[in-house]
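Please report on the pockets, cavities, sheet and surface of this protein. Keep the report brief.

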Amino acid sequence: MTDTAVDDDRAGGERAGDLRRGRRGSWGSRWRRWGRGSCAVLLGMLCVLPLVRLTGLDAGTPLAVPVVLLPYAGVLSLLVLVTVVAVPALRSVRRGAVAALLVAVHLALLVPRFVPDDRPHIPAHAPELRVATLNTHVGAADARAVVRLVREERIDVLAVQELPAAGVAALAEAGLDRALPYRELHPENDSSLYSRLPLTHGGELKADTAWPQTTARVTVGGRTVRLVAVHTYYPLGDAGRWNRDMTALTSAARAAGPDTVFLGDFNATVDHAPLRDLLDEGHLSDTHAELGRGWARTWPVGGTLLPPLVQLDHVVHGSGLAGVSVGERTVPGTDHRAVVATLALLPAQERTG
């Protein structure tokens with residue numbers, strides 16, 4: 001073989017190597033551009049939910065549906081920030097600053113719900129009221145499990161939603177009437193109240209809601225506590241109707257007094273402006289947020305392998321009461337978890353608001 005042939009082979013190999021490196025460089029450049037573009041799009045999308053949350057644009061609009069995912073957007077924002085900092089191809093001052101700002105906004109919105117409110121002094125002798133609420137999924141909830149929940153948790157008052165006449169009969173057969181002998185039943189209106197204590201002033205709440213809300217009063221420690229079993233319309237079906245329901249409940253709460261408990265399926269989370277308006281204008285406290293249990297989830301359950309994603313079911317109360325404990329319980333047959341809360345009645349000097 002001549003020197004010329006050897007030089008030609010060497011030159012051909014070098015050209016092939018250059019071609020391969022060029023291809024790799026081209027692919028690497030494309031991946032970097034794709035990664036940076038995807039990161040920019042994701043950051044833009046993650047800006048939407050905090051903007052909706054801060055401006056209240058969800059009230060009466062389809063934005064009421066995606067805003068419930070705000071806590072998940074907060075987690076995703078943190079992951080994006082870590083990725084932008086850790087991956088050299090995505091690293092830039094602008095992307096890092098936007099991601100850091102998003103994380104800061106989400107933290108400002110989410111962290112307070114994990115911090116318990118300033119607690120009023122609850123005297124050791126303060127009377128307590130144990131309440132629970134459960135959406136029975138049109139009566140499909142396991143009636144025996146409901147009765148077992150009431151007995152094990154020593155429930156004084158149970159609010160139920162989506163309870164038709166057949167569901168009332170099933171609960172009676174399972175023994176709920178013996179555990180909670182006093183009842184304000186309105187299966188034709190969707191919600192009802194069961195109580196261990198005598199109920200008075202029962203009937204429908206005077207409010208313009210899609211379904212009439214059931215109300216009654218109980219006497220605890222010499223004090224009369226007003227109860228409202230809540231079930232609002234749902235924003236996915238008609239955001240305007242849902243917003244009118246929440247507005248009507250807010251009007252009722254303004255005149256309700258400090259010894260009031262609204263409990264039920266609000267079809268709303270604390271990231272919804274109408275629920276925050278209800279709490280603020282009605283001088284009410286959400287028991288979960290009050291006790292620092294800000295990411296409780298009650299829906300959906302039972303239908304998929306996914307865990308519950310959002311909290312639609314709440315116990316909220318006036319300034320004459322304070323939350324002592326709150327938790328969620330699973331009841332077979334329904335797509336909502338039950339919420340169980342213990343509320344203490346405060347002396348007049350300990351009330352807030």
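Which residues line the second largest cavity?

## Second largest cavity

This is a predicted model. In it, the second largest cavity is lined by Thr136, Gly139, Ala141, Ala143, Leu163, Gly167, Ala170 and Leu171. The space inside is about 30 Å³. Helix α6, residues 165-174, gives the most to this lining, with 3 residues. By class, the lining has 5 nonpolar and 3 polar residues, and no charged ones.

## Largest cavity

The count of cavities of 30 Å³ or more comes to 2. The largest cavity holds about 120 Å³ of space. Its lining has 14 residues. Arg113, Thr269, Trp295, Ala296 and Gln311 lie nearest the centre of this cavity. The lining divides into 8 nonpolar, 4 polar and 2 charged residues.

## Largest pocket

About 470 Å³ of space lies in the largest pocket. There are 22 lining residues, and the closest to the pocket centre are Tyr234, Leu236, Asn267, Trp299 and Leu312. By class, 13 of the lining residues are nonpolar, 6 are polar and 3 are charged.

## Second largest pocket

The second largest pocket has about 360 Å³ of space. It is lined by 15 residues. Closest to its centre are Arg113, Val270, Arg276, Leu279 and Ala289. Arg113 is also among the residues nearest the centre of the largest cavity.

Three elements each supply at least two residues of this pocket's lining: α9 (273-281), β9 (285-286) and α10 (287-290). The largest share, 3 residues, comes from α9. The class split of the lining is 7 nonpolar, 1 polar and 7 charged.

## Open sheet

An open sheet is formed by 6 strands, in the order β5-β6-β7-β8-β10-β9. The pairing is mixed. β5 (200-204) and β9 stand at the edges. Each has a single partner strand, so one side of each is left without a neighbour in the sheet. β9 also contributes to the lining of the second largest pocket.

At the β5 edge, the partner is β6, residues 214-220. The two strands run antiparallel and are joined by 3 bridges. Glutamate 204 stands opposite threonine 214 in β6.

## Nonpolar surface patch

Val75, Leu76, Leu79, Phe114 and Trp295 form a nonpolar patch on the surface. Together they have about 430 Å² of accessible area. Leucine 79 lies in helix α3, residues 70-86. Trp295 has a second role in this picture: it is one of the residues nearest the centre of the largest cavity.

Methods:
Residues numbered from 1 in each chain as written. Predicted model: local features only at pLDDT ≥ 70, side-chain atom pairs only at ≥ 80, totals over all residues. Heavy atoms only, no water. 1 Å grid on protein atoms, 1.4 Å probe; cavity = no way out; pocket = protein on both sides within 12 Å on 5 of 7 lines; lining within 4 Å. Points joined across faces, edges and corners; volume = space filled by probe spheres on them. Nonpolar A, V, L, I, M, F, W, Y, C, P; charged D, E, K, R; others polar. Helix = DSSP H or I, 4+ residues; strand = E, 2+ residues; numbered from the N terminus. Pairing = 2+ DSSP bridges. Patch = residues over 30% accessible without salt bridge, like charges linked within 9 Å, V, L, I, M, F, W, Y side chains within 5 Å. Areas by Shrake-Rupley, 256 points an atom, 1.4 Å probe, with all protein chains shown as cover. Salt bridge = Lys/Arg side-chain N within 4 Å of Asp/Glu carboxyl O.
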